[in-house]
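Biologist: Could you put the model up and walk me through it?

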Amino acid sequence: MSFKEKISQSYAKSFLKKYGNRLTNIQGNVISVKVERKTFLWIINKIVATIIVKPDRSKSVVKCVYKRRRFFKKPDFMNIYQGNLVIVQGLKPDKSSKKSKKSTDAVEVMNIRNLSTKCDLI
């Protein structure tokens, strides 16, 4: 093994150790998409995308939230429309920590794969 492979392998192990029980995949159709973009002092650009997905063969719906903040550049987000078939990879909310009264059961999005248009958000 090379040095680069050892570092990437140790990074992957530590990530799975920290978030292993919270990782989740959701596959289904998009019901609703809401994208909010904000700029603070012309320097900080923030994007919050809320996606509601109805999983295949299920009556329930899942709320997924994508949050990014960048300096000087606008963060990118892919085109997702109602009815698109998507796979969302993300982290379930942590049940052990009670952060605030507004605790929502939303999945924090890490990656989205749009199966309708074959696009990825990494």
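Modeller: What follows is a talk through confidence, strands, contacts, aromatic rings and cysteines. This is a predicted model, in which local features need pLDDT of at least 70, side-chain atom pairs count only at pLDDT 80 or more, and totals for chains, interfaces and linings use all residues. Residues are numbered from 1 along each chain as its sequence is written, and side-chain values use heavy atoms, with hydrogens and water left out.

Biologist: What does the protein average in pLDDT?

Modeller: The average is 87, and 93% of the residues score at least 70; pLDDT is the predictor's confidence in each residue, from 0 to 100.

Biologist: Which elements have the lowest and the highest mean pLDDT?

Modeller: Strand β6 (residues 119–121) has the lowest at 85, whereas β2 has the highest at 94. Helices (H or I, at least four residues) and strands (E, at least two) are DSSP runs, numbered from the N terminus.

Biologist: OK, strands then. How do β1 and β2 run, parallel or antiparallel?

Modeller: Strand β1 (residues 23–40) runs antiparallel to strand β2 (residues 44–55), and 12 bridges join them, where pairing requires that DSSP finds at least two bridges between two strands. F40 stands opposite I44 in β2, and the hairpin has 3 residues between its strands, with L41 in the turn taking a positive phi of about 55°.

Biologist: And what does β2 do with β3?

Modeller: They pair in the antiparallel sense over 10 bridges, β3 being residues 62–71, and V48 has K67 in β3 as its bridge partner. That hairpin has 6 residues between the strands, and R57 takes a positive phi near 55°.

Biologist: Back to β1: what does T24 touch?

Modeller: T24, which is in strand β1, touches V88, Q89, G90, K92 and V107, not counting residues up to four places away in sequence; contact means heavy atoms within 4.5 Å. T24 and G90 are 66 residues apart in sequence, yet their C-alpha atoms are 5.6 Å apart in space.

Biologist: What about N84, buried or exposed?

Modeller: N84 has a relative accessible area of 11% and is therefore buried, since buried means under 20%, exposed over 50% and partly exposed in between, with a 1.4 Å probe and protein chains only. N84 lies in the loop between β3 and β4 (85–91), and leaving aside its neighbours within four places in sequence, N84 is in contact with G28, N29, V30, N79, N114 and S116.

Biologist: Switching topic, how many aromatic pairs are there?

Modeller: The structure holds 2 aromatic pairs, where rings of Phe, Tyr and Trp (its six-membered ring) pair if their centres lie within 6.5 Å, with planes under 30 degrees apart counted as stacked, over 60 as edge-to-face and the rest as tilted. The ring centres of F15 and Y19 are 5.1 Å apart with their planes at 55°, so that pair is tilted. Y66 and F77 also form a tilted pair, 5.3 Å centre to centre and with 40° between the planes.

Biologist: Where do Y66 and F77 sit?

Modeller: Y66 is in strand β3 and F77 in the loop between β3 and β4, 11 residues apart. Y66 is buried at 6% relative accessibility, and F77 is buried too, at 14%.

Biologist: Last one: why is C64 not bonded to C119?

Modeller: The sulfur of C64 is 18 Å from that of C119, its closest cysteine sulfur, which is too far for a bond. A disulfide is a pair of cysteine sulfur atoms within 2.5 Å, and by this rule the count comes to 0 disulfides. C64 is buried at 0% relative accessible area, whereas C119 is partly exposed at 34%.
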